[in-house]
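Got your viewer open? Let's take a walk through this one together, one selection at a time.

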Amino acid sequence: MASTIKGSRRRGIALHAVLVLGLLLSAFPFYWAVIMSTHTSTEIFSYPPKLLPGPHFLENVRHLFDNIDFFGSMLNSLLVAVSVTVLVLFFDSLAAFVFAKFEFPGRRLLFGLLMAIFMVPAQLAAIPQFVIMAKIGWIGSMTALIVPAAANAFGIFWMRQYMKGAIHDELLDASKLDGAGFLRQYWHVALPVVRPGLAFLGIFTFMAQWNDYAWPLIALTNPDNVTLQVALSQLNGNHGTTDYGMVMTGALLALVPLLIVFAIGARQIIGDLAKGAVRG
Amino acid sequence: MATLPAVEKPPAALADTPAAKPRTGFRKHWHLYAAISPFYLLFLAFGLIPVGFSLYLSFHRWDGLGSMEWAGLAQYQYLLTDSDFWQSIGNTIVIWALATFPMIFIAMVAAVMLNSAVRFKNVYRFAYFLPNVTSIVAVAIIFGSVFSTNFGLMNALLQAVGLDQVAWLNTPWGIKVAIATLMTWQWTGYNAIIFLAGLQTIPSDLYEAARIDGAGPVQTFFRVTLPLMRPVLLFVLVVSTVTGLQSFAEPQVLLQTTANESTFSGGPDHAGRTMVLYFFQQTFDNNDFGYGAAVAWGIFLVVVLFSIINWRLVRRRGEA
């Protein structure tokens, strides 16, 4: 008896040892970025590699700010991510409310279309999108990033599933008896109930927009007016000539807002995403 | 809605004909259509019309400025014989395979372990998921330094154990391994969390029954866990196929070297030029919009084909 308890404890320790190893592997690149961002380029080039932080972080930050408009591009990224998130939350939840709780001619067809749209890959539309936006003069401005992303099939589908379960018909009927019209039902009855679903969609949308790279790269043609990700990649493109400590500092600082948002919404993101995957 | 004036109502005889019904339905429900219209309008303008236009474009020659010239099937004929395109398909599939199989294996092992270790489960879940939410550009910059030939951590590691250095980002295989490592790092934890969610839906009495029947842990895994995990495995495979075959930012940021070279070239010998990278190069570097459109449809076909193959593979393995 005693030996099996000892054996299972030993197995438990081995288990955690492997899991901690995985944790270290997940975290190491972040640590590495911190190390590099605190050294000068010449120190980085030395062997053996530096594994502990150095004293040059502020110097790297200064070089970074000299080389790119860090706060300007960060502001652009924030503008795009926040606008898109607000618009997506509004348009998607409104459409989802309709699909979840109302009957009308063509509902099945329209929803089927929505699901089909889900599957179309982005690059199929990339060239004509670029051409259309060039024609209407949006290329080079944030509008080119915000408007096409303002509503999406994934969000509508997600919110519809959520609303079907969370909003009870009796609640809607009662509000109708009280004389609430469609918009009041949406705003005062539906939205308060589905706040957790909105939180997931909002955080998810914000992070996707913050990280988006391919479309901003081609749509923002003016190098002085780019999002943070594009600014960073431009910095990296010159790494043959400029210093690596600075590039690393940029990469690291660009992660900070994202990590904050993730830390706030981690439970929602991880839990809901996994649930959705198992259900689907 | 109920306040529509009586005049608006169609005569009784008309109301029974199928043609009149949708009209009344539409009038009665106009606010519902209005509420869902933003998505459909946006999709029309930035989805449907562009996709239709790209099909049209793929039958033309166009540099994006001058007039379009009808080319018929010429772009697609060229696509079939374009060795650069085939190379990009090969690159993409090799990188995808190098990343996906270790990723699924490690994720499955991690999920099974997480499912049995009760303490600190949320800490592990948080840490394992972190790589997936971080920006690909920042990650590619960091991995670029890890795999750097001159001062990279990988080479320092190799040197420390007495092995020869590898010019990771200068050799065809090194490039692919570096990109695949990055993708594995970014997606393994994500898949582990998904697998874990699947594992938690398996009733524990099934495991008890297996234990009573004398099944060992390995046998239990293959006879009980794996068959029940098929839908989740399918989800993970489809997601990894769709994202993996469309990889763009990873090679683009990792392999862009100097500003005067094309940033879509995919490194020495184009060994890291994936399908989507090739699409960008043809379209926005060469201003060959017609051919770019044909490449995009080619990519779409490859992704669909691969998804179907994966789906059938997972299904058949389960049935056997």
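## Stop one: chain A as a whole

Start by selecting chain A: its radius of gyration is 24 Å, while a compact globule of 280 residues would come out near 19 Å. Keep in mind as you look around that this is a predicted model. Turn chain A about, and you can follow its C-alpha trace over about 75 × 75 × 35 Å along the principal axes.

Now switch to a cartoon view. How many helices and strands does chain A have? The tally is 14 helices and zero strands, so don't go hunting for arrows. Read from the N terminus, the elements go α-α-α-α-α-α-α-α-α-α-α-α-α-α.

If you can colour by accessibility, try that on chain A: 50% of its 280 residues count as buried. Contacts tell you something too. Take the ones in chain A between residues at least 6 apart in sequence, and 73% of them link residues at least 24 apart.

## Stop two: a histidine in a loop

Next, select A:His56, which sits in the loop between H2 and helix H3 (57-67) of chain A. Is A:His56 buried or exposed? It counts as buried, because its relative accessibility is 18% and the cut-off for buried is under 20%.

Show the side chains here and look for A:Glu59: its side chain and that of A:His56 share a polar contact of 3.0 Å. Then add A:Ser37, A:Thr38, A:His39, A:Thr40 and A:Glu43, the residues that A:His56 contacts once its neighbours within four places in sequence are set aside.

## Stop three: two cavities

Keep A:His39 and A:Glu43 on screen, since both help to line the largest cavity. The structure has two cavities of 30 Å³ or more, and the largest holds about 60 Å³ of space. To see its full lining, select A:Trp32, A:Met36, A:His39, A:Glu43, A:Ile44, A:Pro49, A:Lys50 and B:Phe151. H1 and helix H2 (41-44) of chain A are the elements giving two or more residues to that lining. Sorted by class, the lining has five nonpolar, one polar and two charged residues.

For the second largest cavity, with about 40 Å³ of space, select A:Ser77, A:Val80, A:Ala81, A:Gln209, A:Trp210, A:Asp212, A:Pro216, A:Thr227 and A:Gln229. Two or more of these lining residues come from each of helix H4 (70-101) and helix H11 (195-211) of chain A. Which element gives the most to this lining? That would be H4(A), with three residues. Colour by class and you'll get four nonpolar, four polar and one charged.

## Stop four: a pocket lined by both chains

Last, bring chain B fully into view and find the second largest pocket, which holds about 1500 Å³ of space. It has 38 lining residues, and the closest to its centre are B:Met108, B:Val112, B:Pro217, B:Phe221 and B:Thr225, so pick those to aim your camera.

Then show the helices around the pocket. Helix H1 (2-37) of chain A gives at least two lining residues, as do helix H5 (83-116), helix H10 (204-212), helix H11 (217-228), helix H12 (230-244) and helix H15 (289-319) of chain B. H5(B) has the largest share, with 10 residues. Finish by colouring the lining by class: you should find 26 nonpolar, eight polar and four charged residues.

Conventions. Residues are numbered from 1 along each chain as its sequence is written. Chains are lettered from A and ligands numbered from 1 in the order in which they are written. This is a predicted model: local features need pLDDT of at least 70, side-chain atom pairs count only at pLDDT 80 or more; totals for chains, interfaces and linings use all residues. Side-chain values use heavy atoms; hydrogens and water are left out. On a 1 Å grid over the protein atoms alone, a cavity is a set of points where a 1.4 Å probe fits but cannot get out, and a pocket is an open set with protein on both sides within 12 Å along at least five of seven lines; lining residues have an atom within 4 Å of a point. Grid points are joined across faces, edges and corners, and a volume is the space filled by probe spheres set on the points. Helices (H or I, at least four residues) and strands (E, at least two) are DSSP runs, numbered from the N terminus. Ala, Val, Leu, Ile, Met, Phe, Trp, Tyr, Cys and Pro count as nonpolar, Asp, Glu, Lys and Arg as charged, and the others, Gly among them, as polar. Buried means under 20% relative accessible area, exposed over 50%, partly exposed in between (1.4 Å probe, protein chains only). A polar contact is a pair of N or O atoms within 3.5 Å; within protein, one must be able to donate a hydrogen and the other to accept it, and residues adjacent in sequence count only if both atoms are side-chain atoms. Contact means heavy atoms within 4.5 Å. The radius of gyration is taken over C-alpha atoms; the globule rule is 2.2 Å times the number of residues to the power 0.38.
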